[in-house]
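User: I would like to go through this structure with you, beginning with a single contact and working outwards. May I put some short questions?
Analyst: Certainly; please go ahead.

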Amino acid sequence: MYILVIEDNPDLVANLYDYLEARGHVPDVSYDGRSGIEFANRNSYDVIVLDLMLPDMDGMEVCTRLRESGHDLPILILTARDTLQDKLDGFECGADDYLVKPFALQELEVRLLSLIRRGSSTSTRKLLRIGDLEFNPVTLDLKRAGNSIELPPTPLKILEFLMRLSPRVVSREKIERHVWGDNPPRSDALRAHLHMLRISIDKPYEHKLLHTIRGQGYQLTESDDA
């Protein structure tokens, strides 16, 4: 899962990160409502975990604005507010689920997976685009400048991961965890897959999309500033 966490409690965020990453998910965090909306507009996620008590904007307003702007991905409200009226207000503003603090991390994960399985999110099925590079996650069709590209499963999985997180720089460790979980190969397999990816999507074209950011990781972007 690609998860946007909008939460201002750093200790809770750290716990969520540790648990979700260990389970193979990819969390992203915003510590206030306004930047949370910006993250949701700029990136592709499967689900949002939204706190209500945010420093700049109430979570209810964040949820309402996301729905008004056309976002249809699932939103789970995570809050200490536990009255029936609080829950009714949360669903009224467009939330799909409501979990009261304190909570078990296992329950949170199960609820998020359940929301995605219900089909209320289309984020994983949307066509991904970076410049003239297009990938359809459903059909697995990959094209650049209208030309079809064939890739083996592992480089394709890496490419989709980088496209979903674009334009962020993604560390080597995060890519390895996404592809192989907690048991990455001892050989330099990632370098080989990235080399194949580079040859396939960049070599025939003047403008390069896949960039190595020394000491940080890899970035897929159409920007010339990488």
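User: With which side chain does the side chain of Asp 51 make a polar contact?
Analyst: The partner is the side chain of Lys 101, at 3.3 Å. Please note that this is a predicted model.

User: Where is Asp 51 placed, and is Asp 51 buried or exposed?
Analyst: Asp 51 belongs to strand β3. The residue counts as buried because its relative accessible area is 3%, and buried means under 20%.

User: What else does Asp 51 touch?
Analyst: Leaving aside residues up to four places away in sequence, Asp 51 touches Ile 6, Glu 7, Asp 8, Gly 59, Leu 78, Thr 79 and Lys 101. In addition, the C-alpha atoms of Asp 51 and Leu 99 are separated by 9.8 Å, although these residues are 48 places apart along the chain.

User: Which peptide bond involving Lys 101 is cis?
Analyst: The cis bond is the one that joins Lys 101 and Pro 102, with omega at about -10°. Pro 102 sits in the loop between β5 and α5. A second cis bond runs from Ser 166 to Pro 167, where omega is near 5°, and Pro 167 lies in the loop between α6 (153-165) and α7. As a general matter, most peptide bonds are trans.

User: Back to the strands. What is the order of the five-stranded open sheet?
Analyst: The order is β2-β1-β3-β4-β5, and the pairing is parallel. At the edges are β2 (26-30) and β5 (97-100), each of which pairs on one side only. On average, neighbouring strands of this sheet are turned by 20° against each other, direction ignored.

User: How many bridges hold β3 and β4 together?
Analyst: Four bridges pair β3 (residues 47-51) with β4 (residues 75-79) in the parallel sense. Within that pairing, Leu 50 stands opposite Ile 77 of β4.

User: And how well covered is β2?
Analyst: β2 is mostly covered, with five of its five residues buried. Val 26, Asp 28 and Ser 30 are on one side, Pro 27 and Val 29 are on the other, and both faces are covered. Such alternation of side chains between the two faces is what a regular strand shows.

User: How does the chain get from β1 to β2?
Analyst: The chain passes from β1 through α1 to β2, and this β-α-β crossover is right-handed. β1 and β2 run parallel and are joined by five bridges; Leu 4 stands opposite Asp 28 in β2.

User: Tell me about α1 itself. Across which strands does it lie?
Analyst: Helix α1 (residues 10-22) lies across β1 (2-6), β2 and β4, and runs at about 165° to β2. The helix has 13 residues and reaches 18 Å from its first C-alpha to its last, close to the 18 Å expected. Its buried residues are Leu 12, Val 13, Leu 16, Tyr 17, Tyr 19, Leu 20 and Glu 21. The cover over these buried residues includes β1, β2, β4, α5 (105-117) and α7 (172-180).

User: What caps its N-terminal end?
Analyst: Asn 9 caps α1, with a side-chain oxygen 3.0 Å from the backbone nitrogen of Asp 11. After α1 comes Gly 24, whose phi is positive, near 90°.

User: Changing topic: what is the order of the four-stranded sheet?
Analyst: That open sheet has the order β6-β7-β8-β9 with antiparallel pairing. β6 (128-130) and β9 (147-148) each have a single partner strand, so one side of each is left without a neighbour in the sheet. Three bridges link β7 (residues 133-135) with β8 (residues 142-144), and Leu 133 has Arg 144 as its bridge partner in β8.

User: Which side chain has a polar contact with Arg 144?
Analyst: The side chain of Asp 202 does, at 3.0 Å. Asp 202 lies in the loop between α8 (189-201) and β10 (210-213), and is buried, with a relative accessible area of 2%.

User: Finally, what is the phi of Leu 140, and what is that of Ala 145?
Analyst: Leu 140 has a positive phi near 65°, and Ala 145 has a positive phi of about 55°. Neither is a glycine. Leu 140 is in the loop between β7 and β8, and Ala 145 is in the loop between β8 and β9. Leu 140 is partly exposed at 47% relative accessible area, and Ala 145 is partly exposed at 46%.

Definitions and conventions. Residues numbered from 1 in each chain as written. Predicted model: local features only at pLDDT ≥ 70, side-chain atom pairs only at ≥ 80, totals over all residues. Heavy atoms only, no water. Pairing = 2+ DSSP bridges. Helix = DSSP H or I, 4+ residues; strand = E, 2+ residues; numbered from the N terminus. Axes fitted to C-alpha atoms, helices over the stretch in contact; angles between N-to-C directions. Contact = heavy atoms within 4.5 Å. Buried < 20%, exposed > 50% of the residue type's maximum accessible area, 1.4 Å probe, protein only. Right-handed = clockwise from strand over helix to strand, strands pointing away. Expected span 1.5 Å × (residues − 1). Polar contact = N/O pair within 3.5 Å; in protein donor to acceptor, adjacent residues only side chain to side chain.
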